[in-house]
Amino acid sequence: MVDFKVSKRMLVNFRGQNKVVGGLTDKDKVAILLYISKEFANTDKEEQLFDKVMLICKEIFEADNTTLRLWDGEVLVPVKFLKETEPPRRNLKSGEGYSGSVFEEKKTVLFGDLSRSPQYLDEGEKTRSVMCVPIKQKDEILGTLAVESDRENFYLEDDLEILESLTAQLALALSGVRLIEGLLTARAREAAILSQLEWDLRMGRNVQNQILPQDLSAWHGLYFSSHYEPMAEVSGDLVDIVRGGASLTAMNIDVSGHGIPAALVTMAIHYQFRRSVLSGLGLTEIMEELGENLREQLPESTYFTAFLVRIFSDYTFGYVNAGHQKMIHFHAQTGVLEQYDTKGVPLGILPVRKTDYEEKQGKLEPGDFLLLISDGFCEQRNEEKEEAGQDRIKQWLSEEKDALLADRPEFLDVKELGKRFVQRFREFQGQTPNGDDLSFLFLYCSNSIPLALEFLEKAKEASKNQKWEDAYALALKAHSIDSSLKETLMFLGKMYFRDGKYDESLKYFEQYLRSSGDSAATTLYLVGRAYYKAGKIPAAKRALKKALSFDHSFAKASILLAQCYLKENEKPKALKVLKQGVKNTPHSPELKASLHKLETFLKRAS
C-alpha cells in the first residue's frame, strides 16, 4: 500500500463538459517518485515488480485498469494487468491499437476520450481516458505501460509526467530484478545468463544517462566540462546544471552505496533539484527541500551528500555544502587553488532546516574556474595502497592547467583540462579498479569576457549616438570574441528587430534563449513579436503562450496572441484569449478596447 496521502481527483460537470479537479500536487510528485524508487529498490523478483507497478498505478492514478505489455520479438504480450477485460486482452502487433502505436512510434500518448479515436477501440471496449508510455532503453522499446480509466478526460499532463518517470525507473529496476533472478538459475546456463545480465545493466546505465545534463554549451562566458563514471554500470553520483536567465545553478551529489538502489535515488534527487531551482528557491532552501522531501522515502540506511553553487550574471557566486567534497576555486591572477567549504550535514539521515546550512559567497574573475568533484577521486588507492588525496588532486590540476596555458594563455580549454585530469588519475590508479563512483564538473570563466564587453559598450555608445553601422560592427566583433554573452545576443537581436530584419533578429534571440535559460515573460513576448513579424505564426503562439503561463496578466502578450489567431482565421480562439485577458487584467484599457473591437467586428460579420 502507498504509505503517504495523495490528493484525490474528482470528475465534475462544468458548463456541460466533464472537468477533472484535484489530482497530483508538486509535493505528491516528489513523494511518488521517492516511493517508486524505494519500492523498486526493495524488489528482487520480476512478478513482484510487476505487482508493485499495478498497485502504484491503481492507487496513484486511481486507474480502473492498467496493462503492462512486453515485446517478445514478434508481438506485445500482456504480461500483467489489474483485471481482465471484455473482450479479453490479446497479443498486439507493432502498430496495432494504442499500445502497438506507442511501441511502433516510440512516443507517449494521452487520450482524453478514446471514443473519438475508434481505430483504437475493440468492440465493447469501456475504456475512455488512457495514458500509454513506451518502456525504453535508448532507441529500443522493451514494451508499453497503459493506465486506463472508464471516465473521460480523467488524466492530465501532470499524470503523464509521473507515468513517464515511473517507466524510466521500471526499466532500470527490471535490470536489477533480472540480475538477482538470473543468479539463481542453473549453472549450465550461467555464462549465457551473465552475458544477458550485463546487457541489462548497460541498459540501466543508458536510462540513467538520460538525466545527466545534455547541454554543456557556454552560458554568459562560462564554459563547462563534466565527467561521469559509475563504479559498476549505474551510479549514485550525479552532476546537473539549471540555467535560469540571470543565474546558473550547478549541483554535484553522491548517494551512499552503489548500483541500482543508489541510481534510482539519483533520479528522484534530479527531479526535486530542478523543481526547487525553477521555483526560485535559495541554496539553503533547496537543501531543506532535498532533505525533507526525500528523507522519509529513501531506502533504509541511504543518505546523500551535495554541493550547490549558484553563479550570477556579474560572476559573483554563492555556495552551500551538505557534507560533500570541498569545491576548488582556481584564481587566475594569483595561480592559487583554494578549497571552499560550509557548515552542513549530509541529507536523508535526520530532519533538516535551511538554518542547518550556511551559504558563503565568492567572485569569479576572468580566467578562474570552479571544480565540483565527488570523493571517489581523492579516496582512490593505487597498486601500492596509497590514497590519491586532496593535495595530489590539486597538484594534477595545477600542473595540467599550467601546461595548457603555456600553449594558449588567452583561453583555458576546460574540456581538455578535464581529459588531462582524468588521464593523470588513470596513471596514478594503475590496474586498481575504481573504488567508488566518479563525477566532476568544471565551470570556467573565460579570459575573453573583458574584451568582448569592451566592444559591446562601444556598440551601445554608437547606438546611442545613432551611428548604426558602427554599432553593428562593434557588437558583431564582441559576438565573435565570445558568442555566449547574454547582453551581446540581446543587443544584436533588438538591433536587427528595430531595423525590420526579423529573421536575423531571431537568430540571436533564439541563441539567447538556448544559452541563457531566460524564461521571463517580457523576454518571451519580445521573441514572440519577432516571430510574428517574421510571419512564423505557430512559433509566435508558442512563445506568447509560454509568456502568459509565467504572467497571465501580461496584456500585450494576450493582445498579440489574439492577433496570431486572427492571422490564422481562428476568430473564436482570438475572442477567447481576449476575454481571458480582460478577466486576468480587468484594468487594462488596451485589452478592453481590443475585445470591444473584435466583438463589434464579429457582430457585424454575422
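Here is a short chat between a trainee and a mentor about this predicted model.

Trainee: Let's start broad. How many helices and strands are there in the chain?
Mentor: We're looking at a predicted model, so keep that in mind. The chain has 606 residues, and 52% of them are buried. As for its elements, the count is 18 helices and 17 strands.

Trainee: What order do the strands of the five-stranded open sheet follow?
Mentor: Strands of a sheet pair through backbone hydrogen bonds, either parallel or antiparallel. In this sheet the pairing is antiparallel. Strand E4 (76–81) and strand E5 (109–111) each pair on one side only, so they're the edges by definition. Going across, the order is E4-E3-E7-E6-E5.

Trainee: Which residue in E6 is the bridge partner of Val 109?
Mentor: E5 and strand E6 (residues 129–137) run antiparallel, with three bridges joining them. Look in E6 for the partner of Val 109, and you'll land on Cys 132.

Trainee: Which helix packs on the sheet and touches E3, E4, E6 and E7?
Mentor: Careful, there are two helices to keep apart here. Helix H3 (residues 97–105) lies across E3, E4, E5, E6 and E7, and runs at about 145° to E7. The helix you're after makes about 70° with the direction of E4, and touches strand E3 (65–71), E4, E6 and strand E7 (140–149): that's H2, residues 46–61.

Trainee: Is strand E11 largely enclosed or open, and why?
Mentor: Count along residues 304–312, taking buried to mean under 20% relative accessible area. Eight of the nine residues of E11 are buried, so the rest of the structure leaves this strand largely enclosed.

Trainee: Which residue in E12 is the bridge partner of Phe 307?
Mentor: E11 has antiparallel bridges to strand E10 (residues 247–255), nine of them, and five to strand E12 (residues 316–322), also antiparallel. Phe 307 in E11 stands opposite Asn 252. Over in E12, the bridge partner of Phe 307 is Asn 321.

Trainee: And which residue takes a positive phi in the hairpin of E11 and E12?
Mentor: That hairpin has three residues between the strands. The one with a positive phi, near 75°, is Tyr 315.

Trainee: How many residues are in the largest nonpolar core?
Mentor: In soluble globular proteins, nonpolar side chains tend to be buried together. Here a second, separate core has 51 residues, including Met 490 and Tyr 512. In the largest core, Phe 40, Phe 61, Leu 145, Ile 269 and Leu 347 touch the most other members, and its total is 69 residues.

How values were computed
Residues are numbered from 1 along each chain as its sequence is written. This is a predicted model: local features need pLDDT of at least 70, side-chain atom pairs count only at pLDDT 80 or more; totals for chains, interfaces and linings use all residues. Side-chain values use heavy atoms; hydrogens and water are left out. Helices (H or I, at least four residues) and strands (E, at least two) are DSSP runs, numbered from the N terminus. Buried means under 20% relative accessible area, exposed over 50%, partly exposed in between (1.4 Å probe, protein chains only). Two strands pair if DSSP finds at least two bridges between them. Contact means heavy atoms within 4.5 Å. Axes are lines fitted to C-alpha atoms, for helices over the stretch in contact, and angles run from 0 to 180 degrees between N-to-C directions. A nonpolar core is a set of buried Ala, Val, Leu, Ile, Met, Phe, Trp, Tyr and Cys residues joined through side-chain atoms within 4.5 Å.
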